[in-house]
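Here is a friendly walk through one model, from single residues to strands and open spaces. Please keep the sequence and the 3D view at hand as you read.

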Amino acid sequence: MYMKEQTKMLQALTNELLKNASSIEELRDVLRFHEFRYYILNDPLISDEQYDRLYKSLEKLETENPKLITPDSPTQRVGNSLNKDFITVAHLVPMLSLDNSYNSQDLIDWDKRVRGLVNTENIEYSAEPKFDGASISLIYENDVLARGVTRGDGVAGDDVTTNIRQIGSVPLFAKFSDYGIEKIEIRGEVLMTKENFKKYNLMLEADGIPPLANPRNAAAGSLRMKDPAAVRKRRLEAILYHISFVTTNQKKSKGSELLKTHSGSLELLAGLGFKTPVHKKKVFNAIEKVVAFCEDFETRRDNLPYEIDGMVIKVNNVELQQQTGSTTHHPRWAIAYKFKARQASSQLLKVDFQVGRTGSVTPVAKIEPVHIGGVTVTSISLFNADVIEEKDLRIGDTVLVERAGDVIPYIVKPLTELRTGKEKKIIFPENCPVCNDPLVKPEGEAIWRCVNINCEAQVVERIIHFVSKDAMDIKSLGEANVRKFYSLGLLKNIPGIYKLDYDEISKLEGFGEKSINNLKTAIEVSKTQSLNRLIFGLGIRYVGETTAKVLSKSVESIFEIANFSIEELRELKDIGSKVSESIYEFFQNQDNIKMLKTLEAAGIMTKGDKKEEVPGTLSGKTFLFTGTLPTLKRGDAEKLAEDNGGKLLSSVSNNLNYLVTGDSAGSKLEKAKKIKTIKIIDEQDFLNMIHI
């Protein structure tokens, strides 16, 4: 639609209008251009805040000159983002955008407008987080979820009911009839928590797949996935925050009082099992209190499990909402208070290549320092070579940078329209940037690796990981001291931590008697750390804290792990093929066994947490549960098995004695049928075994 030269011209015009917006026609052209980039190409060139500033400028000029308003002006419609791969359905009530504010004065001005519209001073406002996810509309008829729809163009959206049903926090049935409600449309947001986002990206990286950019994109992309099972894997959540349409049976009016206020409607939804906004009871009788609450909340935004980009303030009384009314773009009774921008543009100056403790080579972008959301960003991980290629990043590019909570920062994209021709391609090295050994890219992975385990960078990173908080927690031996001691030859490997020459260290600046004593104490205390911390500290590829605990509970000594076969490792809870192979390779390496024996000789705790099997009816028998059981939850059934002496397996194999099946048992049942030694039973058979 827009040629390259026209794009450059419109981008230059954008920059001018952001400084001084005075032309209605130019503003319309620029806004249409950026709507196309945002809604159609899904490739914006400016931040949301910059777009909002341009939109408000146009809105202001049109308000001052109403005769100049045209039907095709961006202020006269809601943007178009329909996906033709899905069936399009109309919303019962249009999903309008929210007007935005960026400071306390904006909120105070909005309050004055609302009071003028309803001609009263007695107004209550509710305030809740503005979630940064994908907007949805849910329709329930006769207590049953009938349809789930994306926002689309605000008038109609994509029918994604099947994918919505995969979200555990969306009830498939809710007793609206108890409140006399026959049909209802509820608005909300689909989200991925920061923690689930991290876990999902780790899973992708383990499979050699480039990680997702941010939780918002992960949630929005999930709604349009073709495979519902893939949607389930993302562990999405839905928060519902508005009732937009309702029809009631007049004979049953139990819910009528709650529906008179926004806070009451949230109370109704929460009571029916919906996840509603945190702080749902925050109602204020003065705009000054709302301002204080919003400003305080901004300082605590990163403590939430979700990404939020502001607060939403609403007139609490529904009758007053109706009196206030709406424009074609937004309701007048609600406004978004946007937090400080977390997106900005900067220049990509160079790319460094860093070697991690497992030999992975990670490209790190060095950018012109840019201030985003209270933090100055200078370095950004580019993950792997594929990401560089997919985004077509080049040295000298102007790049769009985003900072979002704990998942920060990252480069959204290069602004290719602003290239001058002087940009240079990023060349990924063929040899390790530290030891110069050839790099290797294992089959099926996206990451290049240095396979020289004696590579200085890997050795140092392994030591840093070993002493870290979640591993052996040697507080006085942080990253800076590890690097210093290594460079001076005072520390060469992990066992060397327990053979440090304190006389030599005392000669270094900053290491007085107290510092030396603190270091000695921290190292001595580390010898008593539990085995799971030691296993995690070894830095075995794919072995996190949870897997380390599983291994620790499976052995009486760390050296027993060397006796496990890959198949036996797979039988342990939540340990898959890649993890088991990595553990096996580590413990078959005699240099690693020698290191562990040296650590044991130094006094490190190598004793495991394996407990004697509980004697019981099921002693010596192994179980695996699959499908939905008629009466028991999966966790309760597994606990019953263990409490009665049984052992749980995580997959079907020759070591499995009993497969307990329920509805939708799936592939595990089919696999078990092929192994004659496995007995396939149902829940009642299992309960009979333990005499229940």
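Does aspartate 473 count as buried, exposed or partly exposed? At 21% relative accessibility, aspartate 473 counts as partly exposed. The cut-offs are these: buried is under 20% relative accessible area, exposed is over 50%, and partly exposed is in between, with a 1.4 Å probe and protein chains only.

A word on the ground rules. This is a predicted model, in which local features need pLDDT of at least 70 and side-chain atom pairs count only at pLDDT 80 or more, while totals for chains, interfaces and linings use all residues. Residues are numbered from 1 along each chain as its sequence is written, and side-chain values use heavy atoms, with hydrogens and water left out.

**Four loop residues**

Aspartate 473 sits in the loop between H13 and H14. Helices (H or I, at least four residues) and strands (E, at least two) are DSSP runs, numbered from the N terminus. Most residues other than glycine have a negative phi. Aspartate 473, though not a glycine, has a positive phi of about 55 degrees. Phenylalanine 383 also has a positive phi, near 70 degrees.

Lysine 475 lies in the loop between helix H13 (456-466) and helix H14 (479-487). Its side chain makes a polar contact with the side chain of aspartate 473, at 3.0 Å. A polar contact is a pair of N or O atoms within 3.5 Å; within protein, one must be able to donate a hydrogen and the other to accept it, and residues adjacent in sequence count only if both atoms are side-chain atoms. Lysine 475 and threonine 521 are 46 residues apart in sequence, with a C-alpha to C-alpha separation of 9.6 Å.

Leucine 272 belongs to another loop, the one between helix H9 (262-271) and strand S9 (283-284). Leaving aside neighbours within four places in sequence, leucine 272 is in contact (heavy atoms within 4.5 Å) with Ala174, Lys175, Phe176 and Tyr179. Its C-alpha atom is 53 Å from that of alanine 480, 208 residues apart along the chain.

| Residue | Loop between | Relative accessibility | Class |
|---|---|---|---|
| Leucine 272 | H9 and S9 | 15% | buried |
| Phenylalanine 383 | S14 and H12 | 32% | partly exposed |
| Aspartate 473 | H13 and H14 | 21% | partly exposed |
| Lysine 475 | H13 and H14 | 66% | exposed |

**Strands side by side**

Two strands pair if DSSP finds at least two bridges between them. S7 runs antiparallel to strand S4 (residues 134-141), joined by eight bridges. Here glutamate 141 has lysine 183 in S7 as its bridge partner. Ten bridges join S7 to strand S8 (residues 237-248), again antiparallel, and isoleucine 184 stands opposite valine 246 in S8. S7 is mostly covered, with nine of its eleven residues buried.

Elsewhere, five strands form an open sheet with mixed pairing, in the order S2-S11-S10-S3-S9. Strand S2 (99-101) and S9 are the edge strands, each pairing on one side only. Within this sheet, strand S10 (residues 308-315) and strand S11 (residues 334-338) run antiparallel, joined by five bridges. Isoleucine 313 stands opposite isoleucine 335 in S11.

**A cavity and a pocket**

On a 1 Å grid over the protein atoms alone, a cavity is a set of points where a 1.4 Å probe fits but cannot get out; a pocket is an open set with protein on both sides within 12 Å along at least five of seven lines, and lining residues have an atom within 4 Å of a point. Grid points are joined across faces, edges and corners, and a volume is the space filled by probe spheres set on the points.

The structure holds one cavity of 30 Å³ or more. Strand S7 (181-191) and helix H7 (215-223) each supply at least two residues of the lining of the largest cavity, and H7 gives the largest share, three residues.

The second largest pocket has a volume of about 1,700 Å³. Of its 40 lining residues, the closest to the centre are Leu572, Lys573, Glu642, Lys647 and Leu648. H18 gives the most to this lining, five residues. In helix H18 (residues 545-554), the buried residues are Thr547, Ala548, Val550, Leu551, Ser552 and Ser554. They pack against helix H17 (531-537), helix H19 (566-570) and helix H20 (577-588).
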